[in-house]
Amino acid sequence: MRLAMLFTVLTPENKMIFESATKRGITLERVFDSELMMELTASKKEYDGVLQRSSSYARTLYSSFYLEQMGTFVCNPYKAHKLCGDKFLASVLLGKAGVPTPKTFGAFTPDAAKAAAKKLGFPVVMKPVFGSWARLVHKLNDDEALDAELESREEMGHAFQKVYYLQEHINKPGRDMRVFVIGDECVGAIYRTSTEKSGWITNTGRGGTASNCPVTSEIRELALKAANVFGEGIYGVDMMETGDGRLVVHEVNHTTEFRNSVEPTGADIPGKMVEYFVKRSKK
Ligand SMILES: Nc1ncnc2c1ncn2[C@@H]1O[C@H](COP(=O)(O)OP(=O)(O)O)[C@@H](O)[C@H]1O
Ligand SMILES: [Mg+2]
């Protein structure tokens, strides 16, 4: 069996995955997405399985699609990246599946976006439909802030930044949760607590700190239900605690970071990822 990991840079996560493979006697070839040169019009299967770890959403989508069409098992599959990586599509599917998620509107014009904000009530959270590390995720407290955001996007944004995604603000207790799902297993979870520097944003890439979050049956069931919406795979399910004691899922990450999560959870996340990937590649 020929297996590879496709990635952009050797991040701490990717290093851990390679080490876990080596420890298990598994050869995982290193493929940098920058070196891919794909003959799109010729059918050629090189790998039985590819673990998709590209840092770029565009590269993830195109390479996953290409490899799958060539007959390679790609983990996560193209469909998962396509649907999770686009917050608009993901919210539609989470809502439809009955997964508790913050109330969210989509709109294509400033006027329609303002009407949506009126329905939600301030503060509203606006996010780009594609993105990570909370880049351009903004909490808007009033009409003036919303107008400024909309004008900036209209004048400077590309077409997808003019797809407006507005969400109710959840008054969470200064933290959210990242729950790791691998196949049908929930392997661990962390609390991500915001610091003064990160404010209401909890991403660890933005200064949030990671600590162990005990996986209750409620957390497990919700994480598995949310992951299941996008098909079997490896996910980081982000959820928040609401003021009235409920849990809501706000994002399902399709290429999840976990560098800060192995230590607090005590879970061998990269090892379990490798084992799952190899098992599925054989199927
Ligand atoms: N509706 C919301 N209410 C309160 N906080 C939110 C809301 N949505 C996101 N956040 C905070 O913003 C951070 C980034 O949001 P997220 O949707 O996960 O975007 P990204 O894909 O950029 O990580 C989350 O970790 C969370 O702490
Ligand atoms: Mg997130």
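These legends accompany close-up views of a predicted model.

**View 1. The three domains of the protein chain.**
The chain is split into domain 1 (3-84), domain 2 (103-168) and domain 3 (175-282). Taken over C-alpha atoms, the centres of domain 1 and domain 3 are 21 Å apart.

**View 2. The contact between domain 1 and domain 3.**
Domain 1 brings 24 residues to this contact, and domain 3 brings 19. On the domain 1 side, the elements giving two or more residues are helix 1 (12-23), strand 3 (49-53), strand 4 (73-75) and helix 3 (78-84). Helix 1 gives the most, with six residues. The domain 1 side that touches domain 3 holds 13 nonpolar, six polar and five charged residues.

**View 3. Ala4 and its surroundings in strand 1.**
Ala4 sits in strand 1 (residues 3-7). Buried or partly exposed? Ala4 has 19 C-beta neighbours inside 10 Å, and a buried residue needs 20 or more, so Ala4 counts as partly exposed. Leaving aside residues up to four places away in sequence, Ala4 touches Leu28, Glu29, Val31, Tyr47 and Val50. Glu46 is 42 residues from Ala4 along the chain, and the C-alpha atoms of the two are separated by 9.7 Å.

**View 4. The four-stranded open sheet.**
The strand order is 5-8-6-7, and the pairing is antiparallel. Strand 5 (104-107) and strand 7 (138-140) are the edge strands, each pairing on one side only. Neighbouring strands of this sheet are turned by 30° against each other on average, direction ignored.

**View 5. The pairing of strand 6 and strand 7.**
Three bridges link these two strands in the antiparallel sense. Which residue of strand 7 stands opposite Met126? That residue is His138.

**View 6. The five-stranded open sheet.**
Here the strands follow the order 11-10-9-12-13, with antiparallel pairing. Strand 11 (209-212) and strand 13 (247-253) each have a single partner strand, so one side of each is left without a neighbour in the sheet. On average, neighbouring strands of this sheet are turned by 30° against each other, direction ignored.

**View 7. Strand 9 with its partners, strand 10 and strand 12.**
Strand 9 (residues 175-182) is joined to strand 12 (residues 234-241) by six bridges, and the two run antiparallel. Strand 9 and strand 10 also run antiparallel, joined by eight bridges. Ile182 has a bridge partner in each: Ile234 in strand 12 and Glu185 in strand 10. Two residues lie between the strands in the hairpin of strand 9 and strand 10. In that hairpin, Gly183 takes a positive phi near 60°.

**View 8. Strand 10 and its pairing with strand 11.**
How much of strand 10 is buried, and what follows? Seven of its nine residues are buried, so strand 10 is largely enclosed by the rest of the structure. Four bridges pair strand 10 with strand 11 in the antiparallel sense. Among the residues involved, Arg192 has Ala210 of strand 11 as its bridge partner.

**View 9. Helix 7 and helix 9 against the five-stranded sheet.**
Helix 7 (residues 217-228) lies across strand 9, strand 10 (185-193), strand 12 and strand 13. Helix 7 runs at about 45° to strand 13. Helix 9 (residues 269-282) packs on the sheet, where it touches strand 9, strand 10 and strand 12. The direction of helix 9 makes about 35° with that of strand 9.

**View 10. The shell around ligand 1.**
Ligand 1 is surrounded by 21 residues. The closest are Val125, Ala134, Ile170, Thr202 and Glu251. By class, the shell has eight nonpolar, seven polar and six charged residues. Strand 6 (124-127) and strand 13 each supply at least two of the shell residues. Where does ligand 1 lie relative to domain 2 and domain 3? Both domains give residues to the shell, so ligand 1 lies between them.

Definitions and conventions:
Residues are numbered from 1 along each chain as its sequence is written. Chains are lettered from A and ligands numbered from 1 in the order in which they are written. This is a predicted model: local features need pLDDT of at least 70, side-chain atom pairs count only at pLDDT 80 or more; totals for chains, interfaces and linings use all residues. Two strands pair if DSSP finds at least two bridges between them. Axes are lines fitted to C-alpha atoms, for helices over the stretch in contact, and angles run from 0 to 180 degrees between N-to-C directions. Two residues are in contact if their C-beta atoms, placed from the backbone, lie within 7 Å. A residue is near a molecule or strand if its C-beta atom, placed from the backbone, lies within 6 Å of it. Ala, Val, Leu, Ile, Met, Phe, Trp, Tyr, Cys and Pro count as nonpolar, Asp, Glu, Lys and Arg as charged, and the others, Gly among them, as polar. Domain bounds come from an automatic or database domain assignment. A residue is buried if 20 or more other C-beta atoms lie within 10 Å of its own, exposed if 12 or fewer, and partly exposed in between; C-beta atoms are placed from the backbone.
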